[in-house]
Every structure is written in structure tokens, then in C-alpha cells.
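I sat down with this one to see how the chain is laid out, what gets packed away and what stays on the surface. My notes follow in the order I looked things up.

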Amino acid sequence: MSVSSAEMAAVKTSSNGMWQGDDPLHFAFPLLILQTLLILLLSRVLALLLRPLRQPKVIAEIVAGILLGPSALGRNKAYLRALFPPWSAPVLESVASLGLLFFLFLVG
């Protein structure tokens, strides 16, 4: 699914809040926070579950990526529309690229 430039231009970053009648999941920043929390929480839970099997954290992160991606939960269209809509992919990819950049600086 590709996102047109008109759709990306229509994306707002933050909402006025749920009390004002806005759905926070239709705005970029609250959705990014939810996506980040979901990814981190699932990877940490899997790391705890895989610890008795003596698996490193990177294995838990790979399994979390498989579960959250199109191989498992991504087959559910309602899940994809709610938590990972097509217009949010460039935002999440940009933050992921920044995280990778910081990690490379940390390693270097």
C-alpha cells in the first residue's frame, strides 16, 4: 500500500484530545507513541519468556517483529487499519532510522 503525497500532507501531528472529541489514533504523534509502546512491550515480554531458554534479546525482537508484521497479526485487516495504517509507515520508519543512527553512534 503506497501513500500519496496528498494523504501525507493531510496527516496532523497531534490532537486536541479525547475530551474534545478527537480520536488520538487518527493523529501521527499519539499513534507513534502507541506503536512504540506496543513494539517495546511485546519485545520485552518475549525476552522474559525466552530467558529460561537462554535466548538473547535480539531473538525476542525478531519474534516480536514477525508477530507484529504481516506474517501473524498483520493478516487481520482491522488490526492493521487501527494500529498500523498506511499513512503512519513513513513516520515510524523515520523514527526507526533515527534510532538506528543513534545506535550506530553508540556502537562507534
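**Layout**

I started with the fold and counted 5 helices and 0 strands in the protein chain. Reading from the N terminus, I get α-α-α-α-α. I'm keeping in mind that this is a predicted model.

Next I checked the contacts between residues at least 6 apart in sequence. Of these, 47% join residues at least 24 apart.

**Surface and burial**

I looked up how much of the chain is tucked away: buried residues are 20% of the 108 in the protein chain. The accessible surface comes to about 8200 Å², and carbon and sulfur atoms hold 69% of that.

**The record's transmembrane regions**

I then turned to UniProt. The unreviewed entry lists residues 27–46 and 87–107 under "transmembrane region". I compared both spans with the model.

- Residues 27–46 are 95% helix and 0% strand, with the end C-alpha atoms 29 Å apart.
- Residues 87–107 come out at 90% helix and 0% strand, and here the end C-alpha atoms are 32 Å apart.

**The core**

Which residues make up the largest nonpolar core? I found 5 of them: Leu 46, Ala 47, Leu 50, Ala 60 and Ala 64. Helix H2 (28–50) and H3 are the elements that give two or more residues to this core. H2 gives the most, with 3 residues.

I picked Ala 64 from that set and listed its contacts. Leaving out residues up to four places away in sequence, Ala 64 touches Leu 42, Ser 43 and Leu 46.

**The nonpolar patch**

Back on the outside, I noted a nonpolar surface patch of about 440 Å². Val 58, Ile 59, Ile 62, Val 63, Ile 66 and Leu 67 make it up.

I took Ile 59 as my example, and found it in helix H3, which covers residues 57–68. Is Ile 59 buried or exposed? Neither quite fits: Ile 59 is partly exposed, because its relative accessible area is 30%. So H3 turns up twice in my notes, as a contributor to the core and as the home of Ile 59 from the patch.

**An odd backbone angle**

Last, I went to the loop between H2 and H3, where Arg 54 lies. Arg 54 has a positive phi of about 60°, although it is not a glycine. I also checked its accessibility: Arg 54 counts as exposed, because its relative accessible area is 75%.

Methods: Residues numbered from 1 in each chain as written. Predicted model: local features only at pLDDT ≥ 70, side-chain atom pairs only at ≥ 80, totals over all residues. Heavy atoms only, no water. Patch = residues over 30% accessible without salt bridge, like charges linked within 9 Å, V, L, I, M, F, W, Y side chains within 5 Å. Areas by Shrake-Rupley, 256 points an atom, 1.4 Å probe, with all protein chains shown as cover. Salt bridge = Lys/Arg side-chain N within 4 Å of Asp/Glu carboxyl O. Helix = DSSP H or I, 4+ residues; strand = E, 2+ residues; numbered from the N terminus. Buried < 20%, exposed > 50% of the residue type's maximum accessible area, 1.4 Å probe, protein only. Core = buried A, V, L, I, M, F, W, Y, C linked by side-chain atoms within 4.5 Å. Contact = heavy atoms within 4.5 Å. UniProt positions renumbered as here; feature names shortened; annotations may be inferred.
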